[in-house]
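Subject: Structure for you to look at

Hello,

Here is the structure I said I would pass on. Please open it first and then read the notes underneath.

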Amino acid sequence: MAGEKGVVLLDFWVSPFGQRVRIALQEKCVEYEYKEQDLANKSELLLKYNPVHKKIPVLVHDGKPVCESLVIVQYIDEFWSHKSPLLPSDPYCRANARFWADFIDKKIYDCGTRLWKLKGEGKEEAKKEMIEALKLLEGELGEKKYFGGESFGFVDVALVPFVSWFYAYETCGNFSVEKECPKIVAWGKRCMERESVSKTLEDPKKVYEFVLVLKKRFGVE
Amino acid sequence: MKSGTVKLHGSWGSFYSHRVQLALHLKGVKYEYIEEDLENKSPSLLSYNPVHKKVPVLVHGDCPIAESLVILQYVDEVWKANPIMPVDDPYERAMVSFWCHFVDDKLRKSFRSAIRSSGEGQAEAIEEFHQNLMFLEKKLAVNGTKFFGGEKIDMLDIVMGCGSHWFKAFEEVSGVKLIDPNSFPHFITWNQSFLEFEQVKEVIPPAAKMIDYAKSIYKNILGHVHFSSEVIALILQVFKWNPKSRCLLSAFQELDSKSSSKVKAQCP
């Protein structure tokens with residue numbers, strides 16, 4: 001692949017991290033080749049292009065790999081800067097966007113995983129943290145259309161894939177995101193009106209079925 | 001674009017604070033430094049960083065920015081002198097960003113596992129740390145330059161260099177050789193160059209002082225006793241459950257929770 005022109009994405013169908021990259025590429029109208037990866041049996045290609053983490057997503061642009069979803073999204077934003085900017089131009093607003101994207105990375109996936117993996121007190125703790133995190137994000141969103149203001153931006157890309165996981169989190173944790181954070185749910189619906197999002201996110205019921213497969217694999221009833 | 005005074009809420013012992021101090025110094029930015037007592041955080045800090053309640057926090061004008069990697073990118077974008085990230089090359093910028101996150105998310109995480117474990121668990125954590133450090137060792141070997149940033153330090157040098165005294169502290173306390181010069185010759189040389197870099201010496205307290213400080217925290221971690229429910233039950237049995245032992249039990253429980261938060265506040 002070295003020396004080859006074009007954009008290739010090594011990814012896994014339900015990964016919210018991979019979906020961030022797909023959404024960013026679509027927002028920028030970048031054509032790319034999607035290569036589904038078998039995470040139980042990682043390909044030589046994946047191990048070659050991400051020897052450090054051995055994870056998806058990996059964007060390979062003209063033979064050069066970029067790893068880590070938020071690093072990739074920033075790269076996409078900087079390289080294809082002529083269309084649909086995801087990060088604002090003002091440095092303070094950029095810093096604010098990076099801060100909240102980092103917060104989402106630290107909280108949402110980890111709490112979500114603990115929600116389906118753990119039982120009893122561990123699960124309750126994860127639920128409490130998840131709700132707290134979503135409420136903080138709701139506070140940051142405020143009355144804005146998107147986290148990026150009038151434009152769909154970096155924080156929106158970072159968070160929106162997890163919207164399709166809410167049903168799984170709610171079912172495992174026995175709570176309602178709509179009840180706790182109605183503005184986040186309303187924001188999620190606005191995002192789904194964008195083609196880049198609606199064509200990328202999986203049906204929440206399908207995500208939940210995937211979580212059930214994971215629970216079985218990890219021996220969690 | 002924000003303007004106005006620049007303030008930095010930091011802690012002298014926090015290498016996350018050092019990162020920001022170093023970047024500001026490299027760029028010749030004048031700022032007011034506010035030393036925070038991590039066991040008694042100021043109302044200003046808590047209002048500027050309500051989410052994480054941690055140092056460092058940069059306040060530009062009256063606008064706060066938290067999280068050291070976010071602050072470093074902000075500083076680089078606002079003050080253009082002596083860039084710490086490649087300019088005008090999205091791919092090279094992505095690479096620096098990737099490696100900075102690797103240091104914080106993977107390398108330091110494996111080091112934290114090593115200092116908090118013992119025996120076989122520690123040996124495994126150290127092995128993982130070595131695997132992670134080898135990526136940086138090879139990067140330095142391939143680059144063939146003094147620093148990750150070439151002849152000058154860049155963001156990766158700052159992120160990796162600040163806090164590297166912890167490795168020496170671990171070795172001196174545990175007696176375990178963590179970074180063997182035969183396996184990591186380029187890393188050892190790079191670390192020495194970093195510590196001798198003029199602006200690093202001007203900003204960061206001397207290595208000996210930082211090592212001693214890290215050692216005291218590490219010894220605190222090692223000497224810290226968690227009073228598990230089983231131990232508490234044993235204490236109750238030993239004192240045959242009378243009013244005096246109830247007070248003693250409460251004292252042990254309070255000591256346990258206090259020392260937990262103190263240790264957590266200062267750990268890498």
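**What was found**

For chain A, UniProt places the feature "domain: GST C-terminal" at residues 90-210, in an unreviewed entry. Please keep in mind that this is a predicted model. Over residues 90-210, chain A is 74% helix and 0% strand. The C-alpha atoms at the two ends of that stretch lie 40 Å apart.

**Chain A as a whole**

Chain A has 11 helices and four strands. Its radius of gyration is 17 Å, close to the 17 Å that the globule rule gives for 221 residues, so chain A is as compact as a globular protein of that length. Along the principal axes, the C-alpha trace of chain A spans about 50 × 40 × 25 Å.

How much of chain A is buried? Buried residues make up 54% of its 221 residues; a residue counts as buried when its relative accessible area is under 20%. Among the contacts in chain A with a separation of 6 or more, 69% are between residues 24 or more positions apart.

On the outside, chain A exposes about 10,100 Å², and carbon and sulfur atoms supply 52% of that area. Chain A carries 35 positive and 35 negative charges, and the mean positions of these two sets are 2 Å apart.

**Chain B**

The secondary structure of chain B comes to 12 helices and four strands. Of its 268 residues, 49% count as buried. For contacts in chain B with a separation of 6 or more, residues 24 or more positions apart account for 69%. Chain B exposes about 13,200 Å², with 54% of it supplied by carbon and sulfur atoms.

UniProt also places the feature "domain: GST C-terminal" in chain B, at residues 89-217, again from an unreviewed entry. Over residues 89-217, chain B is 75% helix and 0% strand, and the end C-alpha atoms are 41 Å apart.

One helix in chain B can be followed residue by residue. Which residues of helix α7 of chain B are buried? Helix α7 covers residues 165-174, and its buried residues are H165(B), W166(B), F167(B), A169(B), F170(B) and E171(B). Just after α7(B) comes G175(B), which takes a positive phi of about 75°.

When you go through the model, I suggest starting with chain A and then turning to chain B.

Regards

Technical notes:
Residues numbered from 1 in each chain as written. Chains lettered and ligands numbered in written order. Predicted model: local features only at pLDDT ≥ 70, side-chain atom pairs only at ≥ 80, totals over all residues. Heavy atoms only, no water. Rg over C-alpha atoms; globule rule 2.2 N^0.38 Å. Buried < 20%, exposed > 50% of the residue type's maximum accessible area, 1.4 Å probe, protein only. Contact = heavy atoms within 4.5 Å. Areas by Shrake-Rupley, 256 points an atom, 1.4 Å probe, with all protein chains shown as cover. Lys, Arg positive; Asp, Glu negative; His and termini not counted. Charge placed at Lys NZ, Arg CZ, Asp CG, Glu CD. UniProt positions renumbered as here; feature names shortened; annotations may be inferred.
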